[in-house]
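Let's take a walk through this one together. Pull up the sequence and the model, and keep both in view as we go.

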Amino acid sequence: MSFYRHSGPRSYLSSTMTERFDCFYCRENLQGKKHAKKDDKPVCVRCFDKLCANTCAECRKPIGADAKELTHKNRHWHEGCFRCAKCYKPLANESFAAKDDGKIMCGKCGDRDGSSRCQGCYKVITPGSKNVEYKHKVWHEECFICFECKQPIRSQSFLTKGDDMYCTACHEKKFAKHCARCKEAISSGGITYQDQPWHSECFVCNTCKKPLAGARFTAHEDQFYCVNCYKADVAKKCSGCQNPITGFGRGTNVVNYEDKTWHEYCFNCKKCSLSMAHKRFVINGNDIYCSDCAKKL
């Protein structure tokens with residue numbers, strides 16, 4: 001806030017001296033007459049108004065010797081012209097604010113004009129009041145509310161959706177994905193398998209509970225198993241080599257016949273070792289034979 005410097009009313013000097021006392025400009029004898037001074041030089045009223053008067057910053061007219069003049073930062077006003085640019089309140093005896101664009105305002109209008117406006121109620125945020133700033137915008141603390149529950153967020157954490165703010169609870173309820181196992185909201189992280197979201201800590205082996213994120217695993221009857229647990233507890237045993245059929249690596253292809261299963265590379269003739277995959281074969285007990293070898297039994 002700035003304060004004006006009052007330079008008037010203009011004081012006239014009346015000379016009563018007997019020696020000659022002339023106007024600096026027109027040389028009129030000023031003895032016994034009203035006059036003003038300009039740079040400590042005597043000037044008659046007429047010359048002062050014509051040659052020395054400052055121009056009012058508001059009305060652009062000269063400020064004559066008879067007028068009260070107000071001065072601020074090398075700018076000059078008639079006393080009646082020195083008023084608020086917004087509400088026109090006279091400021092001759094009031095504090096005021098001088099804006100960068102040259103406008104003069106009363107304290108109240110100056111505060112409003114220079115203060116930010118709340119993005120919620122669009123009213124002025126007065127200096128010293130509690131407020132919330134986010135992305136170069138400002139709200140009254142009580143106006144910074146959750147878009148869903150309308151409760152003030154204040155200093156709590158919040159999340160956004162478009163231009164709207166949500167408290168954590170409302171954002172999770174409205175937008176968060178929910179874990180396919182525990183059904184709770186996934187606030188951050190998580191993984192997706194077959195278009196379903198999971199908490200990382202929920203996506204584990206059904207047997208040993210080892211986390212499966214980033215590891216090899218297989219699914220069986222809607223349950224997930226790490227490789228070791230699947231081999232030991234779930235996988236069928238090959239009727240040829242008796243090892244688990246996991247579907248990993250070399251054992252990807254299998255052959256099923258009745259209630260028995262083989263690795264494709266184990267499905268061979270017992271006698272000549274010819275692969276029987278995609279060929280006619282003969283079962284004798286637990287053994288497989290090609291047609292030629294079966295005739296020799």
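Is Met276 buried or exposed? Before answering, keep in mind that this is a predicted model. Met276 turns out to be buried, with a relative accessible area of 2%. To find this residue, look in the loop between strand S20 (260-263) and strand S21 (282-284). Skip the residues up to four places away in sequence, and Met276 still touches Phe267, Asn268, Cys269, Phe281, Ile288, Tyr289 and Cys290. You can also check its spacing from Cys266: the two are 10 residues apart in sequence, and their C-alpha atoms are 9.1 Å apart in space.

Now for the cysteines. How many disulfides does the structure hold? The count is 0. As a reminder, a disulfide is a covalent bond between the sulfur atoms of two cysteines. Take Cys47: its closest cysteine sulfur belongs to Cys44 and lies 3.3 Å away, so the pair is too far apart for a bond, given that the cut-off is 2.5 Å. Cys182 tells a similar story, because its closest cysteine sulfur, in Cys179, is 3.9 Å away, again too far for a bond. As for their surroundings, Cys47 is buried, with a relative accessible area of 8%, whereas Cys182 is partly exposed at 31%.

Cys47 also leads us to helix H1, which spans residues 45-52 and has Cys47, Phe48 and Cys52 as its buried residues. Why do these three sit on the same side of H1? They do so because they cover an arc of only 105° around the helix axis. Turn to the face pointing away from that buried side and you'll meet the exposed residues Arg46 and Lys50. And what lies over the buried residues of H1? Their cover includes strand S3 (34-38) and strand S4 (41-44).

Last stop: the largest nonpolar core, a group of 15 residues. Which of its members touch the most others? Those are Trp77, Phe82, Cys84, Leu91 and Ile104. Strand S8 (residues 104-106) gives this core its largest share, 3 residues. Zoom in on Cys84 and leave aside its neighbours within four places in sequence: this cysteine is in contact with Lys89, Leu91, Ile104, Met105, Cys106 and Cys109. Two names on that contact list, Leu91 and Ile104, are also among the core members that touch the most others.

Key. Residues numbered from 1 in each chain as written. Predicted model: local features only at pLDDT ≥ 70, side-chain atom pairs only at ≥ 80, totals over all residues. Heavy atoms only, no water. Buried < 20%, exposed > 50% of the residue type's maximum accessible area, 1.4 Å probe, protein only. Helix = DSSP H or I, 4+ residues; strand = E, 2+ residues; numbered from the N terminus. Arc of directions from axis to C-beta. Contact = heavy atoms within 4.5 Å. Core = buried A, V, L, I, M, F, W, Y, C linked by side-chain atoms within 4.5 Å.
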